[in-house]
Amino acid sequence: MNDTDSSLKKSSLSKSTLKNSAQISSVPLIVSELVYNSLSADAQSIAVRLELNRQKLQVVDNGIGMTEIQLNQLQAR
């Protein structure tokens, strides 16, 4: 099970950068991008928890996920 658990500060909520360098400027767009990523990983189950007062977003899915090599390549961008 993949677990993307991010504590988000207000600045990161308004300026999140994805691997393709596109800027996402709203919470709904951030959530939709994370759900899209889960679907791209062939997830059959996706849970989203958003706690605005704590500035916390959690997406849990049962998708395929990324290998350590893929994660390292993503970080290098």
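Helices here are DSSP runs of at least four residues, and strands are DSSP runs of at least two, numbered from the N terminus.

**View 1. The whole chain, from end to end.** This is a predicted model, so treat each view as a look at a prediction. Walk along the sequence and you meet the pattern β-α-β-β-α-β-β-α. Add the pieces up and you get three helices and five strands. Of the 77 residues in the protein chain, 22% are buried. The protein chain exposes about 5,800 Å², with carbon and sulfur atoms supplying 51% of that area. As for contacts with a separation of 6 or more, 39% of them join residues 24 or more positions apart.

**View 2. Strands S4 and S5, side by side.** Here S4 covers residues 46-51 and S5 covers residues 56-61. The two strands pair in the antiparallel sense, over six bridges. For a handy spot to start looking, find Ala47, which stands opposite Val60 in S5.

**View 3. The turn of the hairpin.** S4 and S5 make up a hairpin, and four residues sit between them. Take a look at Gln55 in the turn: its phi is positive, at about 55°.

**View 4. A nonpolar patch on the surface.** Three residues come together here: Leu39, Ile46 and Val48. Between them they have about 230 Å² of accessible area. Leu39 comes from helix H2, which spans residues 27-40, while Ile46 and Val48 fall within the 46-51 stretch of strand S4. In a regular strand, side chains alternate between the two faces of the sheet.

Notes
Residues numbered from 1 in each chain as written. Predicted model: local features only at pLDDT ≥ 70, side-chain atom pairs only at ≥ 80, totals over all residues. Heavy atoms only, no water. Patch = residues over 30% accessible without salt bridge, like charges linked within 9 Å, V, L, I, M, F, W, Y side chains within 5 Å. Areas by Shrake-Rupley, 256 points an atom, 1.4 Å probe, with all protein chains shown as cover. Salt bridge = Lys/Arg side-chain N within 4 Å of Asp/Glu carboxyl O. Pairing = 2+ DSSP bridges. Buried < 20%, exposed > 50% of the residue type's maximum accessible area, 1.4 Å probe, protein only. Contact = heavy atoms within 4.5 Å.
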